[in-house]
Amino acid sequence: MSETAGGLSIRGLRVVFDGFVAVDGVDLDVAPGDLRFLIGPNGAGKTTLVDAVTGLVKATGSARFGGQELLGRDVHRIARLGVGRTFQTAALFEELTVLQNLDIAAGAGRSPWTMLRRRGAVPDDVAYALETIGLTERRDVLAGTLAHGQKQWLEIGMLLVQNARLLLLDEPVAGMSHEEREATGELLGKVAGERTVVVIEHDMDFLRRFAHTVTVLHAGRVLSEGTVAQVQSDPKVQEVYLGHAAGHDEPVAQGAET
Amino acid sequence: MNPLTNLSPRVRAWLGFGLGAVVLFAAAPALLTDFRLSLLAKYLCFAIVAVGIGLAWGRGGLLTLGQGVFFGLGGYAMAMHLKLADAGEGNMPDFMELYGQLDELPAWWAPFANPVFALAATVLLPMLVAFGLGSLVFRRRVRGAYFAILSQALAAAMVILLIGQQGTTGGTNGLTDIEGFFGYDLDDPVNQRMVYFIIAGVLLALLALTRQLMHSRYGELLVAVRDSEERVRFLGYNPANVKLVAYVVAAGMAGLAGALFVPAVGIISPALIGIVPSIEFVIGVAVGGRAALLGPVLGAVAVAWAKTALSERFPGTWTYLQGAMFVLVVAFLPGGLASLWGLLKRRREATPPAPEVGERVLVKEVAA
Ligand SMILES: Nc1ncnc2c1ncn2[C@@H]1O[C@H](COP(=O)(O)OP(=O)(O)O)[C@@H](O)[C@H]1O
Ligand SMILES: [Mg+2]
């Protein structure tokens, strides 16, 4: 039931690169409207998991969203089923303006006739997204000239107008200032609920403030899953992150950043 | 401040087209001798090819190193019709009679006797071939240098095919001695002028069409595909289709250019459509500035003019000069001559204005 309403359901997901098993039989359920954080040490397979779900790398097993099997489809077909993602390094069209970036993101369903004409007024959904991500004033500047934080927001805005119902965000707040992180966290809080959000993140403060649920990945497997408190008190998690130093609660800080 | 920069882009575009029309339709015919004007007609044919390359390469990042194929398809389609018309109904073209191997017209020549079929074929045949090739290539994600090499291979294959079929294609000589153009005698300077005017008109019309395409949502998407194909895919588009449109449009333009080249110059032959001319098309575009609308046109005309002027005076050195020019532009002025204007303006105003879509150009596919 939850699955058809826009939940993500992964079963036995496996990704192998030339004999190296990067994702090793992951089962994962994300309920509709959840704000799930996916954490784990560097190389745990987090990015690869997102790559598999979005069709970038070949995988075996199953990944269903809204009742539809995603594995085996082309990247653009998966996107059309409502799955959107961002990348560890911002991937915008730097030579196009903020407005053009959003307009392209909103347009995969447009007719050839619409495509061959100019954009008249700013489409409503694009205007709304510009407000949401706070870039209305900057809509005519080139995306390449935006500040780091703004680029990440623009990426999230693109997912909104793309009408993604599942957002997979790969380290969206890496390199952001404290204020930018707060703003991003609040934005994600707003977005979740109507949509399902999965965030890959290392920052523990950020996670505690905004995560609804957490999954810990380690060496391609799910190590632990639950609320923030449950995961933090899980001895297995403490072992992986800290080597038994229980009680310390800055687990991921060192060596985690890519 | 320059008063021109205060005008809306639309008004400036109209002014630009007006100026272009005055230069092409009034100034050039008034100032140039018949001989020079017919040379200009030839250069404008290259400029039409260049407009298409500007779209496909400048905006779409497709290094189309085989446009000679499409130019040739259009040229041969037109020349076949004109040869048949010259020969008169029921007769074979002169060269077939001369070689004397054939008793009757080959079946694949016959439809070209019909002017409507032949005219449609000059544009549709290249587009069809581009569609077929593009569908195969873009879906398999052949990119960059591989795509360029494949384009070149196609040009080479077409030349070999034409030369091998001497009896029906005229072989190395090509189709020559074309005398009439839909009932008009091409030896008459008045009719040569008419051909020039047709070519100039077609060029302006295609520039308007291309400008519309570049400013449409499709044009923005094409730049997005050029700069980050993967990202476009994750937004739910199939980039193969986006590229295919630009490639097919560019092929249609090259075909039309080839068709117009035939009455302007009176010949089409393998030497005009093979690997070397295909590369020369691209050099003109690179020199002029591939991502700007007018850059390819100016570059194509300038390079073709320089070729005529310099190879008259220093025969043998042109190839090296051309190569040197290409390398210099790629290394020091990747936006081509068209970007000089922007550079100068920026230097004067000292505040960097936001460049237009695609004005800044990446060197990477060239280098790849
Ligand atoms: N394309 C690839 N080819 C080979 N190995 C890869 C590839 N992508 C990722 N890996 C390996 O898979 C493992 C998981 O990587 P990744 O998913 O990027 O980890 P994370 O995002 O959790 O830091 C790493 O050991 C990485 O080296
Ligand atoms: Mg990663």
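**Chain interface and ligand shell**

Between chain A and chain B an area of about 2,900 Å² is buried, with carbon and sulfur atoms giving 58% of this area. The model is a predicted one. On the side of chain A, Phe93(A), Glu95(A) and Arg118(A) supply 26% of the area that this chain buries against chain B, more than any other three residues. In terms of contacts, 30 residues of chain A meet 29 residues of chain B.

Polar and charged pairs also occur across this interface. The rule finds 15 residue pairs in polar contact between chain A and chain B, both members being at pLDDT 80 or more. Four salt bridges are found across the interface of the two chains. One of the residue pairs joined by a salt bridge is Arg119(A) with Glu220(B), whose side chains meet at 2.9 Å, N to O. Several helices of chain A take part in the contact: α2 (75-80), α3 (98-105), α4 (112-115) and α6 (148-161) each supply at least two residues of the side that touches chain B. By residue class, that side of chain A divides into 15 nonpolar, six polar and nine charged residues.

The surroundings of ligand 1 were examined in the same model. The ligand is surrounded by Phe17(A), Phe20(A) and Ala22(A), together with Pro41(A), Asn42(A), Gly43(A), Ala44(A), Gly45(A), Lys46(A), Thr47(A) and Thr48(A). These shell residues comprise five nonpolar, five polar and one charged.

Oxygen atoms of ligand 1 lie within short distances of polar protein atoms, as listed here for backbone and side chain in turn. A backbone N or O atom of Gly43(A) is 2.8 Å from an oxygen atom of the ligand. For Ala44(A), a polar backbone atom is found 3.2 Å from an oxygen atom of ligand 1. Thr48(A) contributes through its side chain, in which an N or O atom is 2.5 Å from a ligand oxygen atom. Ligand 1 taken alone exposes 560 Å², and the protein buries 61% of that area. Two elements of chain A, β2 (20-30) and α1 (46-53), give two or more residues to the shell around the ligand. The largest share of the shell, three residues, comes from α1(A).

How values were computed. Residues are numbered from 1 along each chain as its sequence is written. Chains are lettered from A and ligands numbered from 1 in the order in which they are written. This is a predicted model: local features need pLDDT of at least 70, side-chain atom pairs count only at pLDDT 80 or more; totals for chains, interfaces and linings use all residues. Side-chain values use heavy atoms; hydrogens and water are left out. A residue is near a molecule or strand if one of its heavy atoms lies within 4 Å of it. A polar contact is a pair of N or O atoms within 3.5 Å; within protein, one must be able to donate a hydrogen and the other to accept it, and residues adjacent in sequence count only if both atoms are side-chain atoms. Accessible areas come from the Shrake-Rupley method with a 1.4 Å probe; for residues, only the protein chains shown count as cover. Helices (H or I, at least four residues) and strands (E, at least two) are DSSP runs, numbered from the N terminus. Ala, Val, Leu, Ile, Met, Phe, Trp, Tyr, Cys and Pro count as nonpolar, Asp, Glu, Lys and Arg as charged, and the others, Gly among them, as polar. Contact means heavy atoms within 4.5 Å. Buried area is the accessible area (1.4 Å probe) that two parts lose on being put together, summed over both.
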